[in-house]
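Subject: Structure handover

Hi,

Here is the structure I promised to pass on to you. Have a look at it first, and then read on for what I found in it.

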Amino acid sequence: EISVRTTSDGQFVCMHDTNIKRTTGASMDVRGHTLAELRQHKVDMRQNLGEKTGLYDIPTLEEAIAAVDADPQAVVLFLEAKDGPAQAGLVKFITERGLQRRTVIKMYRDGSGGFKPTSRYLKLANSAGCATWCYFDGGDPIDKISAMARHE
């Protein structure tokens, strides 16, 4: 699964958190900075993954796809847009590269936090030919989840 956020200069970066503090130590919101500004700080996961883990740049989605494509085995991309601007841009990115058939777009509920199976983002992803995977909270009403699950 690759979480995608958008930088202030419109670049897609692979970052789960809104802020890079947990992974780099620098307190900077992804959306408020350019890729060049963010890349002044290295990802350091040695505390979690061990001392032999190296430091590296915050990867762009383009770089992550290139790394996946370097592997000759077929890989399914499981992508989640973590902010509003990333949603439409992510579908465009996938479509322009012909990745629709190997991409599952992950989203919280219907992509906008609701339970509407015809939400803008669900329709956009499905019309592009991508599979979608919605996840819910434990306290979400079962009737709303069921209504979404029954929808084509």
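Let me start with the surface. The chain exposes about 8,700 Å², and carbon and sulfur atoms supply 51% of that area. Please keep in mind that this is a predicted model.

**Overall build**

The C-alpha trace spans about 45 × 35 × 30 Å along its principal axes. In secondary structure the chain comes to 7 helices and 5 strands. Read from the N terminus, the elements run β-β-α-α-α-α-β-α-β-α-β-α. Of the 152 residues in the chain, 39% are buried. Looking at contacts between residues at least 6 apart in sequence, 57% join residues at least 24 apart.

**Charges**

The chain carries 20 positive and 20 negative side chains. The centres of these two sets lie 3 Å apart. As a general point, side chains of opposite charge can pair when their charged atoms come close. In this structure there are 12 salt bridges, and I will go through some of them here.

One of the salt bridges joins the side chains of glutamate 1 and lysine 106, at 3.5 Å from N to O. Glutamate 1 lies in the segment before β1 (2-6) and lysine 106 in strand β4 (residues 103-108), so this pair ties together parts that are 105 residues apart in sequence. Are the two partners buried or exposed? Glutamate 1 counts as exposed, because its relative accessibility is 51%. Lysine 106 counts as buried, with 14% relative accessibility.

Another salt bridge is found between lysine 92 and glutamate 96, whose closest N and O atoms are 3.5 Å apart. Both residues sit in helix α5 (residues 84-96); because they are 4 residues apart there, about one helical turn separates them. Lysine 92 is exposed, and glutamate 96 is exposed too.

Glutamate 96 has a further partner to look at: its side chain meets that of arginine 97 in a salt bridge of 3.6 Å, N to O. The relative accessible area is 54% for glutamate 96, which is exposed. For arginine 97 the value is 32%, which means that this residue is partly exposed. Elsewhere, salt bridges that share partners join Glu1, Glu80, Lys82 and Lys106 into one network, so the pair of glutamate 1 and lysine 106 described above has both of its residues in that network.

**Cysteines**

How many disulfides does a search of the whole structure find? The search finds 0. For cysteine 14, the closest cysteine sulfur is that of cysteine 130, and at 16 Å it is too far away for a bond. A disulfide would need the two sulfur atoms within 2.5 Å. Cysteine 130 is in no disulfide either; its nearest cysteine sulfur belongs to cysteine 134 and is 13 Å away.

As for their surroundings, cysteine 14 has a relative accessibility of 15% and therefore counts as buried. Cysteine 130 also counts as buried, at 4% relative accessibility.

If you would like to begin with one place in the viewer, I suggest the pair of glutamate 1 and lysine 106, followed by lysine 92 and glutamate 96 in helix α5.

Happy browsing, and do write back with any questions.

Best wishes

Technical notes
Residues numbered from 1 in each chain as written. Predicted model: local features only at pLDDT ≥ 70, side-chain atom pairs only at ≥ 80, totals over all residues. Heavy atoms only, no water. Helix = DSSP H or I, 4+ residues; strand = E, 2+ residues; numbered from the N terminus. Buried < 20%, exposed > 50% of the residue type's maximum accessible area, 1.4 Å probe, protein only. Contact = heavy atoms within 4.5 Å. Areas by Shrake-Rupley, 256 points an atom, 1.4 Å probe, with all protein chains shown as cover. Lys, Arg positive; Asp, Glu negative; His and termini not counted. Charge placed at Lys NZ, Arg CZ, Asp CG, Glu CD. Salt bridge = Lys/Arg side-chain N within 4 Å of Asp/Glu carboxyl O.
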